[in-house]
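Please follow this explanation with the coordinates open, moving from a single side chain outwards to the helices that surround it.

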Amino acid sequence: ALSEVPGLTLIKEAPWAHSTAWMYTLLVDPRQYGIDSRTLLSKLGKSNIQTRPLWQPLHQSLAHKKTPPFDCPVSDYLNEHALSLPSSVGLTSEQQERVISQIRHNAVK
């Protein structure tokens, strides 16, 4: 339902794999989508749709603040641009449609 929205990259699956997709995460390209992942998170939150950034990379945690810095560009990129959408076995079709609709609505045309 979101595959045609410019600036969103959906989960890709290797040809030999089948994901259970227990948590659905997408990447937001702010240049194409029009806003960044954190702004989208905020706008969805104002519509009572809870989303989350992808997990914080370990090297960014307070527990590792005093360790020598690591160059981890992939994890830093994913943390900055990825957004995990609501997911639950109890999520109704109507709730899914509302999330999809709000994500489409917030894309800057």
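**From one tyrosine to two helices**

Leaving aside neighbours within four places in sequence, Tyr 33 is in contact with Val 5, Pro 6, Gly 7, Leu 8, Val 28, Leu 40, Ile 103, Asn 106, Ala 107 and Val 108. The model in which these contacts are found is a predicted one.

Tyr 33 also belongs to the largest nonpolar core, a set of 16 residues in which Leu 2, Leu 8, Tyr 33, Leu 40 and Ile 103 touch the most other members. The elements that contribute two or more residues to this core are β2, α2 and α4, and the largest share, three residues, comes from α4.

It is therefore useful to look at α4 along its axis: its buried residues fall within an arc of 135 degrees, so they line one face of the helix. These buried residues are Val 99, Ile 100, Ile 103 and Asn 106, and they pack against β1 (8–9), α1 and α2. On the other side of α4, by contrast, Ser 93, Glu 94 and His 105 are exposed. The length of α4 can be checked as well, for at 1.5 Å a residue its 14 residues should span 20 Å, and the C-alpha atoms at its ends are 20 Å apart, which agrees.

The general geometry of such helices helps in reading these patterns: an α-helix has 3.6 residues a turn, so residues three or four places apart point the same way.

In α2, which comprises residues 37–46, the buried residues include Ser 37, Leu 40 and Leu 44. These cover an arc of only 60 degrees around the axis, which puts them on the same side of α2. The buried residues of α2 pack against β2 (25–28), α1 (30–33), α3 (73–81), β4 (82–84) and α4 (93–106).

What caps the N-terminal end of α2? The cap is Asp 36, a side-chain oxygen of which lies 3.2 Å from the backbone nitrogen of Arg 38. Beyond the helix, α2 is followed by Asn 48, whose phi is positive, near 60 degrees, although Asn 48 is not a glycine. Asn 48 is found in the loop between α2 and β3 (52–53), and with a relative accessible area of 69% Asn 48 is exposed, because exposed residues are those over 50%.

Methods: Residues are numbered from 1 along each chain as its sequence is written. This is a predicted model: local features need pLDDT of at least 70, side-chain atom pairs count only at pLDDT 80 or more; totals for chains, interfaces and linings use all residues. Side-chain values use heavy atoms; hydrogens and water are left out. Buried means under 20% relative accessible area, exposed over 50%, partly exposed in between (1.4 Å probe, protein chains only). Helices (H or I, at least four residues) and strands (E, at least two) are DSSP runs, numbered from the N terminus. The arc is that of the directions from the helix axis to the C-beta atoms. Contact means heavy atoms within 4.5 Å. A polar contact is a pair of N or O atoms within 3.5 Å; within protein, one must be able to donate a hydrogen and the other to accept it, and residues adjacent in sequence count only if both atoms are side-chain atoms. A nonpolar core is a set of buried Ala, Val, Leu, Ile, Met, Phe, Trp, Tyr and Cys residues joined through side-chain atoms within 4.5 Å. The expected span of a helix is 1.5 Å times one less than its number of residues.
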